[in-house]
Amino acid sequence: MKIAVLPGDGIGPEITGQAVRVLEALASDGLRIELERAPVGGAGYDSAGDPLPEATLKLAEQADAILFGSVGGPQYDTLPRAQRPEQGLLRLRKHFDLFANLRPAVVYPELAHASTLKPEVVAGLDLLILRELTSDIYFGQPRGVRTNEAGEREGFDTMRYTESEIRRIAHAAFQAARKRSKRVCSVDKANVLETTQFWRDVVTEVHQEYPEIELSHMYVDNAAMQLIRNPRQFDVMVTGNMFGDILSDEASMLTGSIGMLPSASLNARNFGLYEPIHGSAPDIAGKDLANPLATILSAAMLLRFSLDQEAAAQRIEAAVRKVLAQGLRTADIAEPGKRTVGTREMGDAVIAAL
Ligand code: NAD
């Protein structure tokens with residue numbers, strides 16, 4: 001099984017470096033994986049004049065999954081749009097039709113203090129949000145600003161979902177739930193929006209193929225409230241592009257620690273791009289300060305969802321829980337005044353805990 005490693009910019013090379021060491025430790029223990037690196041984002045622009053160089057795309061096409069670091073940096077902010085680092089990521093999403101964005105929000109008991117919510121509300125939270133990533137009002141046509149018949153300017157967008165687009169994200173949600181507590185909550189605004197009533201109908205139809213999974217529906221306004229009131233009631237939450245954009249950011253902040261959260265973007269054949277939810281953190285790049293755990297946990301998701309190596313994924317997740325229980329903290333998750341470790345030392349500890 002081949003993994004394309006695209007470290008990117010800023011802290012990208014440091015954090016993917018540690019995730020690669022963890023994967024190599026599993027490989028030396030019998031996991032049959034091959035890793036190959038290629039530049040992307042600003043690094044792609046620097047080496048080949050393109051944020052997604054041809055050789056990088058070719059490597060990704062030959063791989064079973066992509067482990068992605070992060071892209072971007074102030075030195076690239078004035079480039080023309082097509083050459084900006086984020087185009088590397090956007091083009092990969094489009095090229096591989098990565099329509100399902102999976103974002104777990106896990107609160108490890110030891111880190112419950114990092115949340116702005118009370119520890120007793122968030123401790124033990126283990127939620128997975130599936131956001132549809134390629135359709136909805138973000139891509140619907142027509143859109144624009146026009147002058148209407150009354151001579152007034154107006155802005156407009158089109159919310160649109162096809163049946164096949166809803167079906168495939170619903171399947172992804174039910175299949176993810178199979179590997180968890182077998183509960184799916186679909187979030188919509190069916191009381192107001194036709195598109196999302198249709199969403200609800202199609203999700204309900206697809207559910208018939210998954211009788212072992214419990215399905216519930218919730219309006220998005222209530223879901224936003226319930227995420228703060230009692231987030232532990234959720235297992236898998238599935239929703240459209242716009243609602244998912246907002247709810248997944250809300251959920252990530254329940255944990256209070258951006259350096260801990262992995263993500264996956266998958267297509268219909270479970271090929272995926274795995275990356276931490278944070279950016280390239282230029283303020284701490286090259287200083288051995290970045291928390292590598294979000295990227296190491298992204299590697300665990302990669303093993304679970306694209307390579308079907310559940311046991312290896314669980315080994316990584318257990319190792320991360322163990323280092324946290326041992327009290328190891330990078331600066332972003334440390335309590336004030338407590339000892340912290342650097343990026344590499346955290347990687348060493350995870351490998352030792354494997
Ligand atoms: P950011 O996520 O890079 O950083 C926000 C804050 O969180 C910073 O203070 C940073 O030091 C801290 N932080 C982030 N990751 C951390 C980690 N692993 N360990 C410890 N601290 C961490 O967001 P930003 O500052 O808004 O953006 C910086 C650059 O990243 C920009 O160029 C932006 O375009 C890019 N970006 C890239 C992606 C991506 O590659 N998917 C996502 C978001 C932002």
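Which domains give residues to the lining of the largest pocket, and where does that leave the pocket? The close-ups below take this up on a predicted model.

**View 1. The largest pocket lies between two domains.** Domain 1 (1–99 + 267–354) and domain 2 (105–257) both put residues into the lining, so the pocket ends up between them. There's about 670 Å³ of space in here. Of the 26 residues that line this pocket, look for L89, L90, R93, R131 and L133 if you want the ones closest to the centre.

**View 2. Helix α4 gives the most to the lining of the largest pocket.** Its share comes to 5 residues. At least two residues each come from β3 (65–70), α4 (85–95), β4 (100–106), α9 (241–255) and β12 (272–276). As for chemistry, the lining splits into 10 nonpolar, 7 polar and 9 charged residues.

**View 3. The second largest pocket has a volume of about 490 Å³.** Here, too, domain 1 (1–99 + 267–354) and domain 2 (105–257) both supply lining residues, so this pocket also lies between them. Its lining is made of 23 residues, and V106, D126, R180, R304 and E317 sit nearest the centre.

**View 4. Strands and helices both help line the second largest pocket.** On the strand side, β4 and β5 (126–132) each chip in at least two residues, and so do the helices α10 (293–305) and α11 (310–325). What's the make-up of this lining in nonpolar, polar and charged residues? Count 14 nonpolar, 2 polar and 7 charged.

Methods
Residues are numbered from 1 along each chain as its sequence is written. This is a predicted model: local features need pLDDT of at least 70, side-chain atom pairs count only at pLDDT 80 or more; totals for chains, interfaces and linings use all residues. Side-chain values use heavy atoms; hydrogens and water are left out. On a 1 Å grid over the protein atoms alone, a cavity is a set of points where a 1.4 Å probe fits but cannot get out, and a pocket is an open set with protein on both sides within 12 Å along at least five of seven lines; lining residues have an atom within 4 Å of a point. Grid points are joined across faces, edges and corners, and a volume is the space filled by probe spheres set on the points. Helices (H or I, at least four residues) and strands (E, at least two) are DSSP runs, numbered from the N terminus. Ala, Val, Leu, Ile, Met, Phe, Trp, Tyr, Cys and Pro count as nonpolar, Asp, Glu, Lys and Arg as charged, and the others, Gly among them, as polar. Domain bounds come from an automatic or database domain assignment.
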